[in-house]
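Me: I would like to learn how to read features from a model of this kind, going step by step and keeping the cut-offs in view. Could we take the chains and their helices in turn?

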Amino acid sequence: MTESVKSGQELLDDFFADVLGINGVDAATAQVVRRLYEKGKLTSTNIANELNSLREAGSGRQAEED
Amino acid sequence: MAVKLKRIELSGFRGAKKQLDVSLPAAASLLLYGENGSGKSSLTDGIEWFYYDRVAHLASEEIGRNGIPALRNRELSDDEDASVAIELTKTGLSATKTLSIERDRHVSACSNSSPDFESYHAASAAEHLLLRYRELLQFVVFTKAEKLAEISEIIGFGEVTKTRATLRKAANDLRRLEKAKGFDGQISRQQADLIDQLGQNVATEEQFVAAAWDLLAPLDLGVEVQDAASLGKAIAAIRSPADDEIIQMEMSYGNILGAVQAVRDRQDQCRSAYLGYRKKREALLKDAEKLANLRLEKLLTEGVSVLGGAWDQDACPLCLQSKSRAKLIEELRSRSSDLLALRKEREDLEEARSAVGSELRELLTTAESATREHCLDADESVEIKAEVERMSVALASAYDTVSASRLLDSVDLPEDLPGPDMSELEALVSSVEAIKTATGKRRRSDQRFVVAEKLLLAKRAYEEIASLRAEQDVIRRQLNSMDCIYREFVKKERETLSRFLDGISTDIKDLYLFMNTDKRIESIRLVPVGDGDEFVGVRFEMTFEGVTISPPEMYLSESRVNSLGICLFLASVKAFNKVNRFFVLDDVIASFDTNHRLKFGQLLCERFADHQILLFTHERDWFDLMARLVKGSGWETKQVAWDDQEGAVLRPAPTQPKEAIANRLAKSETDGLGNEMRKYLEGRLKEACLRLEVKLVFLNNDHNEDRMPGETLPGLISTLKRRKCGLKDEPVLKRLLACGFVMSRASHHSSYSPSLGDLKAVWADIMEFESLLVCSDKCSMIGTSNVDAAAGTISCKCGTLKYGWAQ
């Protein structure tokens with residue numbers, strides 16, 4: 001039975017590969033998290049900065065439309 | 001293909017003064033006997049150092065962290081190398097590791113630098129390859145946090161735990177940001193302004209247009225306002241550049257008013273968060289032991305970061321001792337994980353500081369934005385400008401105080417949050433409201449101006465509400481997503497960890513019950529211990545006759561706790577050793593009684609037949625028992641002995657007692673032979689009593705083990721009679737009772753000296769007795785494990801010997 005257990009690394013790789021498919025998750029946010037994981041830069045500071053950039057980019061686009 | 005050992009050679013390493021060369025043809029398993037101090041554990045040390053760059057049991061403050069200084073044989077000169085050479089079944093992976101002295105430092109080198117070997121070595125370092133007696137109890141008696149750390153280490157969950165913390169923090173950062181932004185307060189203020197201007201609340205564009213039309217209609221502009229475009233045209237018709245300038249000033253004052261109100265309204269919230277942080281910090285600073293450990297934790301964490309980044313040498317950056325960088329990182333992580341509970345406390349404190357910092361940062365941003373409003377350039381705004389700047393400076397001071405505070409230094413924080421004075425803020429709100437109202441006063445006799453003013457201010461408030469709501473929605477969407485990601489991650493982590501624990505629990509139970517046949521044990525489990533959504537530990541639970549007990553060492557004997565430790569090791573070998581198919585057991589049965597030793601031997605032979613086992617022991621009885629069990633199975637049996645000239649040397653395995661006796665009879669060597677025969681018979685009788693569940697009077701401690709034929713033989717005969725077994729009437733049993741006299745007298749200094757003929761007769765009886773119980777050396781004795789209740793028979797393992805056996 002224990003032969004089928006995932007290692008920690010496998011769990012992480014599988015989780016972030018499927019993060020976009022999690023119910024209720026915004027695609028842009030999920031992509032930020034996955035991208036940072038794949039680059040080996042998944043920290044809370046990096047997540048905060050990337051999400052802030054997303055918000056600013058979104059409000060910038062909105063301002064242009066207005 | 002799983003890798004096994006073909007050869008191990010030590011040279012100048014530990015007890016091997018010269019060379020200790022152990023060849024394992026066809027990757028055979030090895031049963032190695034060696035008395036204490038003979039040097040057999042040098043082989044274990046060599047394998048440990050080869051694969052893990054350390055010898056843990058030698059690590060101490062005096063010797064050094066990894067025991068390295070103790071590895072070279074003490075008689076080796078400084079210009080000679082100590083070495084461990086390992087030849088493996090897979091081509092290209094064999095290597096020789098050397099330990100030399102260079103400029104008073106121990107320097108290790110490896111002969112194989114190929115990518116395949118590097119990859120194999122790194123993978124092997126994560127596997128469980130050896131077990132020593134002293135390590136048996138370790139896991140069983142670990143605290144629950146230590147068990148979780150060990151399990152996490154075994155299955156590589158260190159990064160999983162770290163990632164969970166990262167995701168949780170990211171979600172909490174967003175939660176804090178939303179709270180700090182104070183959207184609800186800002187929206188409320190804008191709605192109040194909107195109502196003030198329009199005389200009613202509006203939620204949609206249609207409602208805004210309708211409310212605007214209510215204001216415009218009395219002006220008789222000759223235009224119909226039905227939508228935003230026509231409203232815009234109507235407003236343009238009543239505006240003038242001069243009026244726009246006044247209204248812009250009012251809007252600017254409005255921005256300042258909003259900022260000051262925001263600071264005023266959230267001051268208490270900030271103060272409360274600050275006091276909470278201060279209290280937690282003070283409590284931690286008062287606990288000197290916790291403080292010392294937390295300071296160490298930071299060093300360990302930073303060490304991992306440094307080693308993973310700029311430092312690329314295989315040496316400790318502090319003491320410069322040679323050390324594999326990968327191993328150093330592993331050790332630091334292991335020590336760091338010991339401080340799990342303290343780390344949680346520290347994280348809580350950091351969270352509290354971040355919460356206060358976030359609030360203050362938002363207020364500071366708001367205040368600084370207010371200082372840049374153009375209305376403050378007006379002459380009439382001088383005093384307000386000074387007050388707004390003072391508010392901003394006070395907030396900056398508060399923010400600096402909190403963000404600069406070190407969590408673990410002893411500098412006290414101010415008792416109260418330094419920041420703007422509440423009464424000054426109230427006064428500033430009044431001043432700004434007054435000046436705002438006064439700004440358009442001279443034009444309010446003009447109805448067109450009044451309507452334009454109201455509509456523009458209302459439009460600004462309406463747009464600001466929409467902007468705030470949009471910003472709030474984005475943050476909430478991101479926060480919901482991070483919460484979903486975190487929850488799903490925790491779920492997956494729990495599922496995987498629980499599955500691992502369930503799986504390995506099943507294996508542990510299976511192995512344990514093989515060794516300890518006790519039908520009263522219903523389950524043995526490693527159970528996760530949680531604190532909310534986090535795992536904080538793992539504990540052993542045993543269900544015994546419907547009652548769950550934890551920890552098991554409360555009720556189990558030392559022998560059974562040790563067997564639990566062995567079962568965990570063997571279960572983890574099965575689960576996680578993917579690269580190597582060998583393991584070493586070095587003197588692990590020291591506390592086992594005879595029953596456990598036999599079962600343990602059978603466990604290894606039956607359940608790990610596909611593994612290469614290196615089994616070391618200093619106990620002759622156990623060695624002999626195992627030698628019988630593994631005979632004909634392809635195992636190598638050898639002996640390590642100590643030679644004053646050579647150090648640890650390899651010799652042929654000690655002759656089995658049966659062969660030794662037969663050889664001596666053949667050579668007519670009678671001296672001491674009676675004693676050897678007696679010991680042999682005692683061993684066989686004890687085994688027979690064990691297998692046939694013969695009941696004997698209980699004796700304390702070792703006396704229970706020291707049963708003479710005078711006790712065991714009558715006990716055996718009694719059991720055979722009770723079971724109506726065909727053996728009960730065998731004449732050899734009575735002859736053995738008589739043989740006891742011969743062997744006893746021959747074992748002591750007495751006037752009676754048995755002749756060769758006497759001894760041959762005794763031996764023939766012993767052999768006949770043995771042949772009744774076991775058909776060959778490759779089979780097992782008849783025993784209750786081979787009882788056919790339906791047929792009422794008992795047999796040897798292969799069934800060749802079979803007798804009646806009443807229930």
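Me: How many helices and strands does the secondary structure of chain A come to?

Reply: Helices (H or I, at least four residues) and strands (E, at least two) are DSSP runs, numbered from the N terminus. On that basis chain A comes to 3 helices and 0 strands, and along the sequence it follows the pattern α-α-α. This is a predicted model, in which local features need pLDDT of at least 70 and side-chain atom pairs count only at pLDDT 80 or more, while totals for chains, interfaces and linings use all residues. Residues are numbered from 1 along each chain as its sequence is written, chains are lettered from A and ligands numbered from 1 in the order in which they are written, and side-chain values use heavy atoms, with hydrogens and water left out.

Me: What share of the residues in chain A is buried, and what area does the chain expose?

Reply: Buried means under 20% relative accessible area, exposed over 50%, and partly exposed in between (1.4 Å probe, protein chains only). Of the 66 residues in chain A, 32% are buried. Accessible areas come from the Shrake-Rupley method with a 1.4 Å probe, and for residues only the protein chains shown count as cover; chain A exposes about 3,900 Å², of which carbon and sulfur atoms supply 44%.

Me: Which residues of α14(B) are buried?

Reply: An α-helix has 3.6 residues a turn, so residues three or four places apart point the same way. In α14(B) the buried residues are B:L425, B:L428, B:V429, B:V432, B:I435, B:K436 and B:T439. They cover an arc of only 140 degrees around the axis (taken from the directions from the helix axis to the C-beta atoms), which puts them on the same side of α14(B).

Me: What do the buried residues of α14(B) pack against?

Reply: Contact means heavy atoms within 4.5 Å, and the buried residues of α14(B) pack against α6 (183-198), α9 (241-286) and α13 (382-404) of chain B.

Me: Is B:D196 buried or exposed?

Reply: B:D196, which lies in helix α6 of chain B, counts as exposed because its relative accessibility is 56%.

Me: Which residues is B:K181 in contact with, leaving aside its neighbours within four places in sequence?

Reply: B:K181 sits in helix α5 (residues 158-181) of chain B and is buried, with a relative accessible area of 19%. Leaving aside its neighbours within four places in sequence, B:K181 is in contact with B:Q186, B:R266, B:E362, B:E471 and B:I475.
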